[in-house]
Each structure stands twice: as C-alpha cells, then as structure tokens.
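Open the model in your viewer with the cartoon and side chains available. The tour goes from one selection to the next and says what is found at each.

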Amino acid sequence: MHLHEHQSKDLLAAYGVPVPAGRPAGSVEEAQACAQALGGSSWMVKAQVHAGGRGKAGGVRRVRGMEELRAVSGELLGSRLVTAQTTTAGQPVQTVLVETLTDVAAEYYLSLTIDRSRERITLIASAAGGMNIEEVAAKTPDEVISLPIDPAAGLQPFQGRRVAFALGLDDAQRKAFGRLLPALYRLTKERDLSLLELNPLVTTGQGDLLALDAKIQVDDNALYRHPDLAQLHDPSQEDEKETQAKRFDLNYIALDGNIACMVNGAGLAMATMDLIKLHGGEPANFLDVGGGTTAEKVAEAFKLIVADDKVEAILVNIFGGIVRCDLIAEGIIQAVREVGITLPVVVRLEGTNVQRGLEMLDGSGLDIISAEDLTNAALKVVATVKH
C-alpha cells in the first residue's frame, strides 16, 4: 500500500526524522489557512498523488503570495496529474501539501527497500539525488551505493559511516546522519515497509539534514498488524477495477491490451502473458484468482474482465491442484452464463480430473474454446482477435 507524501512525512516525524513544516489541504480555502498557519510569504504547493515525477509534470510549484497560492491550489485540486509513472489518464489530485520553503544546499538519494533475492533489507544511497536518480542508476551505476543489512545483526554503525563519507557529508552532518539512519531502519522494520525512499534527502544552507520528499510503501500482507496505516489507504489512486478485485481476494492489474487473462497463480499468470505476447497478442490485464478458486470468484473475475471495453477475447488458464478441474469447469460455465459473456473464451485446464473438466466445457453449448496446452491456448486466443 502506498502512502501520500504528507502521510509519509507524518510517519517520519513520529520517528524523529526531520521534515519541512507543512500541512495537507483538500480545498483552496484549506490551502490558504495552511499557508497562514505556516507563516511567511512564499510556499511550496505539492500535488498528492501516488506517482513519481510530479515536479517535471507541474505538480510541485513554488508560489509567492496568497493570490498565487489560491490560483495554483485551485488549478491542481480536482485535476488529474499525468507523470512519467502514470497512465495517460493521470492520477486524481484531491489533496495538496502546502509546505515551507527550504534553503537547499545539496541533494542526496536514500532508501531502504526489500531485496528479495538476498532476503534482507538493503540500504541504497547516492550523492546524485533528486529527480534524475533513475537516469543516474542507468548511466553511472557506480555512483549508487547498495548495502545489504544482515537481519540478525541489524544496521551497523560502520554502514552508516560508510554511506555518510560516500555522500561527502561534513563532521556535524555525519553525526546527524548517524542518528537519522537507525530511525529509518527502525521505522522500516517496525511498520513492515517494503520501501522507504527519501528523494531528495537534503542538506540545508544551515548544514542540517532534512527529508525534503518521501515515498513509503507498506507491505499489504502486514496491514492487519497496522490498522492505523490501513486507514490511510486512498482508493482514488487505484484503478476502480483493482479496488473491486481486492474485495473478492483477486489480484488484478489493468494493462493496455485486448486479451484478458484469468489465471490461478502469479507465476502462471506471468507465463500466460508472456506467451500471449510471444504469439503476437497484447494482454489486457494481470488477473490471479488464487489457488482456492471458487465459482463465485470466477464469476467476479469475469465481471471485472467484461467491464474493460478494450477486451476482445478471454484466456482462462487454470491448474487444478487444490481444486479439481471438473469443479473449475463447472464454475466457468456458471460464470459465463451468469455474466452473459459474448466474447470468445479460450480455456486451458490442467490437473486433477482435467479430462472430465474439458468434456463439461465442450458439452456446455457455450462459446467456450478448449485448448490442449498453454501454447495452444495462446495461439487460439490470439487468432480470435486477429480475425
């Protein structure tokens, strides 16, 4: 689960990490009240969306005076911000963060993330922080420091010193960094974060360290341990179909193609999409119905699929291990009838009672095309949209 910048900074502040003074606002009047409470005559106004690249897209603005603040807040609130990390439709801006100005002397990149191949939290840092960190990582990877943290020993002081020296911090800043980094590590562990990113972490004109921007992602599987964080979820930043899918324990991600996929298992779903691409098709979604597939979940999955106007055909690829193939076939038949699907549906089944399941599909009288294997299924579904 993603947090907005203002939510991330509230969490950082609770762990003693210095952040700029700022307040969120959901209307022009609230933005004006925030600016008055902060004081001064110039402020930063930041669109709150779950996407990077806001600055380049015009979502982060410096304003001078109340008139400009009202104008910029009014322009951003209610709009859809399109960045390099969003679709062409953009993300809705329902909140802006009004923040005091910061006298920035230098920018750095700092993050703690989960390295799943190493099975541990990894510290990533670079002296080339700011908006172009992705370009730095691609073109000059030697400027990026990556330090895995042993889960038994935890973050060690020498790791913090190594990063601080690599960033070129002075003596006072290194001491401040030595206090900041353990707080970030503690926050990551205690709150089950999958990503904590400060981009940029800055030094101010006075030499202080400050988290100027922050991005936090919480592990969805651990949200039951953090009900306070779960309440920060903003469904407006997600595809409506993805939000609906979560209610039925379905993993759904919308894509740009015209061939919908319904698969049980994330790995199998990725392989299915790869084969569709290999044979000249374009997947319309990633949809994992899980191992314990039921007729109800299949029906809800079909409803999600047909709600996408781009979909021209459906590929169902189910491995019947936990649930028998004949029960899956029965669920597919019921769902197709219930939803009233008129699109071509190609079904590949494998596993327990597979022959019985295929016989049920063939004898259903519905427009269901059975396939012998995954390659055959991919070829058949691609052929339906090319005619």
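The stops below cover a sheet with its helices, a strand pair, a helix, and some backbone details.

This is a predicted model, and every value quoted here is computed from it.

**The four-stranded sheet**

Start by selecting β1, β6, β2 and β3, which in that order make up an open, antiparallel sheet. At its edges are β1 (22-25) and β3 (60-64), each with a pairing partner on one side only. On average, neighbouring strands in this sheet are turned by 25 degrees against each other, direction ignored.

Now zoom in on β2 (residues 42-47) and β6 (residues 96-100), an antiparallel pair joined by five bridges. To find the register, pick A47: V96 in β6 stands opposite.

**Two helices on the sheet**

Add helix α2 (residues 28-38), which lies across β1, β2 and β6. Its direction is at about 170 degrees to that of β1. Next add helix α3 (residues 65-76), which packs on the sheet and touches β2, β3 and β6. The direction of α3 makes about 155 degrees with that of β3.

How do the two helices meet? Two packed helices are described by the angle between their axes and the distance between the axes. For α2 and α3, the axes come within 9 Å and cross at roughly 140 degrees. An angle over 145 degrees would count as roughly antiparallel and 65 to 115 as roughly perpendicular; α2 and α3 are therefore oblique to each other. The crossing of α2 past α3 is right-handed.

Show side chains for the contact: V28, A31, Q32, A35 and Q36 on α2, against M66, L69, R70, S73 and G74 on α3. By type, the residues of this contact are five nonpolar, four polar and one charged.

**The β13-β15 pair**

Move to strand β15 (residues 285-288). Which of its residues are buried on each side? N285 and L287 are buried on one side, F286 and D288 on the other, so that both faces of β15 are covered. Select β13 (residues 251-254) as well: four bridges pair β13 with β15 in the antiparallel sense. Here A254 is the residue opposite N285 in β15.

**Helix α1**

Go back towards the start of the chain and select α1 (residues 5-14). Seven of the ten residues of α1 are buried, so the helix is largely enclosed by the rest of the structure. The buried set is E5, H6, Q7, S8, K9, L11 and L12. After α1 comes G16, with a positive phi near 85 degrees.

**Backbone details**

Most residues other than glycine have a negative phi, and most peptide bonds are trans. The last selections depart from this pattern.

- Select N199 and P200: the peptide bond between them is cis, with omega near 10 degrees. P200 belongs to strand β10 (residues 193-204).
- Select D192, a non-glycine residue with a positive phi of about 55 degrees. D192 sits in the loop between α6 (171-190) and β10. Its relative accessible area is 17%, and under 20% counts as buried, so D192 is buried.
- Select N353, also not a glycine, with a positive phi of about 60 degrees. The loop that holds N353 runs between β17 (345-351) and α12 (354-362). With a relative accessible area of 35%, N353 is partly exposed.

Terms used. Residues numbered from 1 in each chain as written. Predicted model: local features only at pLDDT ≥ 70, side-chain atom pairs only at ≥ 80, totals over all residues. Heavy atoms only, no water. Pairing = 2+ DSSP bridges. Axes fitted to C-alpha atoms, helices over the stretch in contact; angles between N-to-C directions. Contact = heavy atoms within 4.5 Å. Parallel < 35°, antiparallel > 145°, perpendicular 65-115°, else oblique. Left-handed = near helix turned anticlockwise from the far one by under 90°. Nonpolar A, V, L, I, M, F, W, Y, C, P; charged D, E, K, R; others polar. Buried < 20%, exposed > 50% of the residue type's maximum accessible area, 1.4 Å probe, protein only.
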